[in-house]
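Here is a walk through one protein model, taken a piece at a time. Keep the picture open while you read, and stop to find each part as it comes up.

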Amino acid sequence: MKLYYSPGACSLSPHIVLHAAGLPFSVEKVNLRAQPHVTASGVEFSSINPKGYVPALQLDDGTVLSEGVAIVQYLADQVPERKLAPANGTLARYRLQEWLNYIATEIHKSFSPLFYPGSDEVKNAAWDKLTARFAIVEAQLASSPYLLGEDFSVADAYLFTCLNWVHMVHRSLADFPAISAFMQRVQALPAVQAALQDEGLLR
């Protein structure tokens, strides 16, 4: 398999999961600043993923899967013994999907105004919206080490990826002790360290 990624982007989530799954894979960097977007090998990225954004996972048969929440569940299902996702059809699996959707729609997308030019008023309003969302996560992590309980899951990889953007937008998680502890705990995991190393993100 080959993961198309951009350093620190949401593609970090499946990158972490690939390492955690122990599956053989390669990566190819996508230059999202170039117009059109191109891969490190010089291929126009839209020919791989017409949506034009990362992540994209090319499977062994050449099929391309996009959208991070779909990719990470696909990867988890290849190695059920790793417990990266609960079994399909169980309530726990729907809890996983509940968290993945919350992260995607309420956290991931809410970061956008903080990354683009805008007034302090707009950025502060965006941050206030995000911190209200963080409060839900804080309450969950105050009672368990990971979103689903005792085991690290693909939802934790996605949450870590998004919350890792906080320092990039010059904000702080100091008001969220359980989230802060989660970030330290997850960053110490070997799979996370490996993905951060691959992407040149270790601080």
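## From the sheet to the helices

Let's begin with a pair of strands that run antiparallel: strand 2 and strand 3 (residues 38–39), joined by two bridges. A word on what you're looking at: this is a predicted model, where local features need pLDDT of at least 70 and side-chain atom pairs count only at pLDDT 80 or more, while totals for chains, interfaces and linings use all residues. Residues are numbered from 1 along each chain as its sequence is written, and side-chain values use heavy atoms, with hydrogens and water left out.

Two terms will come up a lot. Helices (H or I, at least four residues) and strands (E, at least two) are DSSP runs, numbered from the N terminus. Two strands pair if DSSP finds at least two bridges between them.

Back to strand 2 and strand 3. If you'd like a spot to find on screen, try Val 30, whose bridge partner in strand 3 is Thr 39. The two strands are linked by a hairpin, and six residues make the connection. In that loop sits Pro 36, and the peptide bond joining Gln 35 to Pro 36 is cis, with omega about 0°.

Now look at the other pairing of strand 2 (residues 26–31): strand 1 (residues 2–5) pairs with strand 2 in the parallel sense, over four bridges. Here Tyr 5 has Lys 29 of strand 2 as its bridge partner. What do strand 1, helix 1 and strand 2 make together? They form a right-handed β-α-β unit, with helix 1 covering residues 12–21. (Right-handed here means that, with the strands pointing away from the viewer, the path from the first strand over the helix to the second runs clockwise.)

Strand 1 has another pairing too. Three bridges tie strand 1 to strand 4 (residues 56–58), and these two run antiparallel. Tyr 4 stands opposite Ala 56 of strand 4. Leading up to strand 4 is the loop from strand 3, and Pro 55 has its place there. The peptide bond from Val 54 to Pro 55 is cis, with omega near 0°.

Strand 4 also pairs with strand 5, antiparallel and over three bridges. In this pairing, Gln 58 has Val 64 of strand 5 as its bridge partner. Put the pairings together and you get an open sheet of five strands in the order 3-2-1-4-5, with mixed pairing. Strand 3 and strand 5 (64–66) stand at the edges with a single partner strand each, so one side of each is left without a neighbour in the sheet.

After strand 5 comes a loop that leads to helix 2, and Glu 67 lies in it. The phi of Glu 67 is near 75°, a positive value in a residue other than glycine. For background, most residues other than glycine have a negative phi, and most peptide bonds are trans.

That brings us to the helices. Helix 1 and helix 2 (residues 68–78) pack with their axes 9 Å apart, at an angle of about 5°. That makes helix 1 roughly parallel to helix 2. The axes are lines fitted to C-alpha atoms, for helices over the stretch in contact, and angles run from 0 to 180 degrees between N-to-C directions. Angles under 35 degrees count as roughly parallel, over 145 as roughly antiparallel, 65 to 115 as roughly perpendicular and the rest as oblique. Where they meet, Ser 13, Pro 14, Val 17 and Leu 18 of helix 1 touch Ile 71, Val 72 and Leu 75 of helix 2 (contact means heavy atoms within 4.5 Å).

Helix 1 also meets helix 6 (residues 154–163): their axes come within 8 Å and cross at roughly 140°. The two helices are therefore oblique to each other. On the helix 1 side you'll find Leu 12, Ser 13, Ile 16 and Val 17, and they meet Val 154, Ala 157, Tyr 158, Phe 160 and Thr 161 of helix 6.

Last stop: helix 6 packs with helix 7 (residues 177–187) at an angle of about 110°, with the axes 10 Å apart. That makes helix 6 roughly perpendicular to helix 7. The contact is made by Asp 156, Leu 159, Phe 160 and Leu 163 of helix 6, together with Ile 179, Phe 182, Met 183, Val 186 and Gln 187 of helix 7.
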